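User: Hi! Could you take a close look at one part of this structure for me, the place where charged side chains pair up, and then show how that part sits in the rest of the model?

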Amino acid sequence: MNRLVAYLIRFAVILIGYVVASLAASAFLNIIFLAYLGFTPEHAAQPATTASLMFSIPFVALFVAYFAFMPASIVILVSEILGRRDWLFYALGGAVAAAIFLGLAHQTGDSDFAVSDTHAIMAVIGCGMVGGIFYWLSAGRWAGSWRQAGVRTLQEPDLDRRP
């Protein structure tokens, strides 16, 4: 029973980490594209600008989470099996997930959906890296902990052995 609870808790932590990573990647994407379009800190003083960012970041995060789900789930599964807990693995895994998305978008055959501008490609890969780092911050530092929690509960102390 303890092992099942450890699995369920870890699954909830993974989902929360994925939501945090999607929001962070969305915020990074919004900031990068606003800076590219000439948005300056003087524009941020207006309440309409702040309100639009508060709406657009979660809205874009839905699309980020949708398009990155399969590549990111493979990276998360590999990290959980291998027990990888370093930030660089998650940053590179996020970049790989973003590159896979870009490759799949290019293969669809829809020229409107394909990303061909170098700035946009680098921004999407950067978003993947930021999402990977934020996933590491929220969930990746404890990757593989469910295995150790299950092993500790199965090992009973040997009371017959004397020192």
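Analyst: Happy to! Let's begin with the term we need: a salt bridge is a side-chain nitrogen of Lys or Arg within 4 Å of a carboxyl oxygen of Asp or Glu. Please keep in mind that this is a predicted model. Side chains of opposite charge can pair when their charged atoms come close. With that cut-off, the count for this protein is two salt bridges.

The pair to look at closely is Arg10 with Glu80, whose closest N and O atoms are 2.5 Å apart. Arg10 belongs to helix H1 and Glu80 to helix H2, so this salt bridge ties together parts that are 70 residues apart in sequence. As for their surroundings, both Arg10 and Glu80 are buried. For context, buried residues account for 30% of the 163 residues in the protein.

The other pair joins Asp86 and Arg84, and here the closest N and O atoms are 3.2 Å apart. Asp86 has a relative accessible area of 28%, so Asp86 is partly exposed. Arg84 is partly exposed too, because its relative accessibility is 33%.

Now for the framework around these pairs. The protein has five helices and zero strands, which gives the pattern α-α-α-α-α along the sequence. Helix H1, the home of Arg10, spans residues 2–36 and packs against helix H4, residues 118–138, at an angle of about 145°. The axes of H1 and H4 are 7 Å apart, and H1 passes H4 in a right-handed crossing. Sorted by class, the residues in this contact are 18 nonpolar, five polar and one charged.

A useful marker on the H4 side is Gly126, which lies in that helix. Gly126 counts as buried because its relative accessibility is 15%, and buried means under 20%. From C-alpha to C-alpha, Gly126 is 9.5 Å from Ile32, although 94 residues separate the two in sequence.

Finally, follow helix H2, where Glu80 sits, to another of its residues. H2 covers residues 47–82 and also holds Phe55. At 57% relative accessibility, Phe55 is over the 50% cut-off and therefore counts as exposed. Phe55 is part of a nonpolar surface patch of about 780 Å², together with Phe59, Leu62, Phe63, Tyr66, Phe67 and Phe113. Helix H2 thus gives you two places to inspect: buried Glu80, paired with Arg10, and exposed Phe55.

Technical notes:
Residues are numbered from 1 along each chain as its sequence is written. This is a predicted model: local features need pLDDT of at least 70, side-chain atom pairs count only at pLDDT 80 or more; totals for chains, interfaces and linings use all residues. Side-chain values use heavy atoms; hydrogens and water are left out. Axes are lines fitted to C-alpha atoms, for helices over the stretch in contact, and angles run from 0 to 180 degrees between N-to-C directions. Helices (H or I, at least four residues) and strands (E, at least two) are DSSP runs, numbered from the N terminus. A crossing is left-handed if the near helix is turned anticlockwise from the far one by less than a right angle, and right-handed if clockwise. Ala, Val, Leu, Ile, Met, Phe, Trp, Tyr, Cys and Pro count as nonpolar, Asp, Glu, Lys and Arg as charged, and the others, Gly among them, as polar. Patches are made of residues with over 30% relative accessible area and no salt bridge: like charges are joined within 9 Å, nonpolar side chains (Val, Leu, Ile, Met, Phe, Trp, Tyr) within 5 Å. Accessible areas come from the Shrake-Rupley method with a 1.4 Å probe; for residues, only the protein chains shown count as cover. Buried means under 20% relative accessible area, exposed over 50%, partly exposed in between (1.4 Å probe, protein chains only).
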